[in-house]
Amino acid sequence: MKRRTLLKGLLGTGVAVGSCVFRNPLISTAQAATIPTLIVVFQRGGCDGLNTVVPFGDSDYYNLRPTIAIPEPGNGPLSAINLNGFFGLHPSLTALMPIYNAGQLAVFPAVQYPDASRSHFDGQQFIESGASQRDISGWLNRHLQIRGVNSNLQAVSFGSELAQALRGSVPVQSFSSIDSFTLGLAEQDETALINTVMPVYGQSPTPATDYRRLVHQYGNVLFNNLDTVANIDTSSYQPENGAMYPGGSYGRSLRETAQLIKMNVGLELVTINIGGWDTHSNQGNGDPGARQSRRLREFADGLSALRQDLGTAGMDNVIILSMTEFGRTCKENGSRGTDHGHASSWFMFGPNVNGGIHGTWPGLTEADMVRGRYLQHSVNYRDIMGDIMVNHFGHSSASLGSLLPGHQYSSLGLIS
């Protein structure tokens, strides 16, 4: 492609710009394939956890959901997939079962935080920030602040805007797809811009104000990332091991994540979105054509394809974490759907993850529920984050005061 040829010529020759060095990631040996990597998939809209990780062993579940409950295992193809005799997976999550059976899928039936918000905006903000407060950086950006920038493309946020988890003082790139990451200019204008700004970024910001340093830092990261992306041809990429990604932006983001990991560009953090979980009406049960069923199938098939594509070697030191801002009401509403609630189900998997069910079951009696309507949580989401930071990325327990401010971390033993 012309843009990529241009960038490779201008930036891919090892030219130093400020504190950064532009280099061809295809021939770089600076980053090993086993660099610790975290992929976070956010189910935006508030996924109904009770129909995702089905508590079929709790009779109150069926009393609360006369039309949308998932049948107990053994009642045909639309029934729950048995996990441990009490919990089962929605039948559309079949693709996750090989991971669970391998002991690498951690299942959290009831995750949230105390006094949780039932606002989409606030819930997403608080969870991705790792703290129940506003005007704070994201938990993953704070990790980068401590770790330091050390690669061409260390973090990526797939989507139309930067995920809150990666917002903060460390510059992070956001794009909807690799091919869409351009300067948005005609070729001759792009050439002129690069020729103009490269000498600027080759000098220290003067005067060295905080604002000038910030602009300088973001510019360096932008052009380093452009250089890295200029060497990537997504059109010729062929997933391995028979992996088949779902169509749409979610599947494409997972597919391109696998490609970046294989290319050893130093990718450490990825955020990916999958929406469509705000099921106020016609949520459905185990019927494959039902609204939630379709979303769960796409969700699981994508994660399975990523694992299959990377293979055993590629998955080494990779963890995938799924999250959502809140669950739904325990009782179905008059529109055969569910409304904004409290706790929901999360998943985490990888070769070093201790699989199985994590957290006690809060129960579904009126006395058990929050305000008699919402599933209580038994796992604080920040303990999941803490285990990842300490046992995957190697942060000290002392540093968690900065990574997860205001939280007293208690290890869940999720990672070996």
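This report describes the fold, cores, one pocket and several single residues of a predicted model.

**Overall make-up**

The chain has 416 residues, and 57% of them count as buried. Its secondary structure consists of eleven helices and 14 strands. The accessible surface is about 16200 Å², and carbon and sulfur atoms hold 50% of that area. Among contacts with a separation of 6 or more, 73% join residues 24 or more positions apart.

**Nonpolar cores**

The largest nonpolar core contains 50 residues. Ile39, Leu89, Leu96, Leu260, Phe299 and Phe347 have the most contacts inside this core. Helix α9, residues 291–315, gives the most to it, with eight residues. Apart from this core lies another one of 40 residues, including Ala155, Ile384, Met389 and Leu404.

Leu89 can serve as an example from the largest core. Not counting residues up to four places away in sequence, Leu89 touches Thr52, Val53, Val54, Ala80, Ile81, Leu83, Leu96, Met97 and Phe347. Two of these partners, Leu96 and Phe347, are themselves listed with the most contacts inside the core.

Arg307 lies in helix α9, the helix that gives the most residues to the largest core. Arg307 itself counts as partly exposed, at 24% relative accessibility, because the cut-off for buried is under 20%. Leaving aside neighbours within four places in sequence, Arg307 is in contact with Ile99, Ala102, Gln104, Met315 and Phe349. The C-alpha atoms of Arg307 and Ile320 are 9.4 Å apart in space, and the two residues are 13 apart in sequence.

**Helix α4 and the second largest pocket**

How much of α4 is buried? Eight of its ten residues are, so this helix is largely enclosed by the rest of the structure. The buried residues of α4 are Asp122, Gly123, Gln124, Gln125, Phe126, Ile127, Glu128 and Ser129. They pack against the strands β3 (37–43), β7 (105–112), β11 (318–323) and β12 (344–349), and against the helices α5 (139–147) and α10 (381–391).

Helix α4, residues 120–129, also supplies the largest share of the lining of the second largest pocket, with four residues. The volume of this pocket is about 230 Å³. Its lining is made up of Arg44, Phe121, Gln124, Gln125, Glu128, Ser160, Glu161, Leu162, Ala163, Gln164, Arg167 and Asn273. By class, three of the lining residues are nonpolar, five polar and four charged.

Glu128 belongs to helix α4 and is one of the residues lining the pocket. At 5% relative accessibility, Glu128 counts as buried. Outside the four nearest places in sequence, Glu128 touches Phe42, Arg44, Gly138, Trp139, Ala163, Gln164 and Ala165. Among these, Arg44, Ala163 and Gln164 also line the second largest pocket.

Trp139, a contact of Glu128, is one of the buried residues of α5. The others are Leu140, Asn141, Arg142, His143 and Leu144. Just after α5, Gly148 takes a positive phi of about 90°.

**Helix α8 and the loop after it**

Ser253 lies in helix α8. Ser253 counts as buried, at 5% relative accessibility. Residues up to four places away in sequence aside, Ser253 touches Phe158, Ser176 and Ile272.

Asn264 sits in the loop between α8 (248–262) and β10 (269–274). Phi of Asn264 is near 55°, a positive value in a residue other than glycine. Most residues other than glycine have a negative phi. Arg371 likewise has a positive phi, near 55°, and is placed in the loop between β13 (356–357) and β14 (379–380).

Is Arg371 buried or exposed? At 67% relative accessibility, Arg371 counts as exposed, whereas Asn264, at 23%, is partly exposed.

**Relative accessibility of the single residues**

The table collects the residues discussed one by one above.

| Residue | Relative accessibility | Class |
|---|---|---|
| Glu128 | 5% | buried |
| Ser253 | 5% | buried |
| Asn264 | 23% | partly exposed |
| Arg307 | 24% | partly exposed |
| Arg371 | 67% | exposed |

Note on methods
Residues are numbered from 1 along each chain as its sequence is written. This is a predicted model: local features need pLDDT of at least 70, side-chain atom pairs count only at pLDDT 80 or more; totals for chains, interfaces and linings use all residues. Side-chain values use heavy atoms; hydrogens and water are left out. A nonpolar core is a set of buried Ala, Val, Leu, Ile, Met, Phe, Trp, Tyr and Cys residues joined through side-chain atoms within 4.5 Å. Buried means under 20% relative accessible area, exposed over 50%, partly exposed in between (1.4 Å probe, protein chains only). Helices (H or I, at least four residues) and strands (E, at least two) are DSSP runs, numbered from the N terminus. Contact means heavy atoms within 4.5 Å. On a 1 Å grid over the protein atoms alone, a cavity is a set of points where a 1.4 Å probe fits but cannot get out, and a pocket is an open set with protein on both sides within 12 Å along at least five of seven lines; lining residues have an atom within 4 Å of a point. Grid points are joined across faces, edges and corners, and a volume is the space filled by probe spheres set on the points. Ala, Val, Leu, Ile, Met, Phe, Trp, Tyr, Cys and Pro count as nonpolar, Asp, Glu, Lys and Arg as charged, and the others, Gly among them, as polar. Accessible areas come from the Shrake-Rupley method with a 1.4 Å probe; for residues, only the protein chains shown count as cover.
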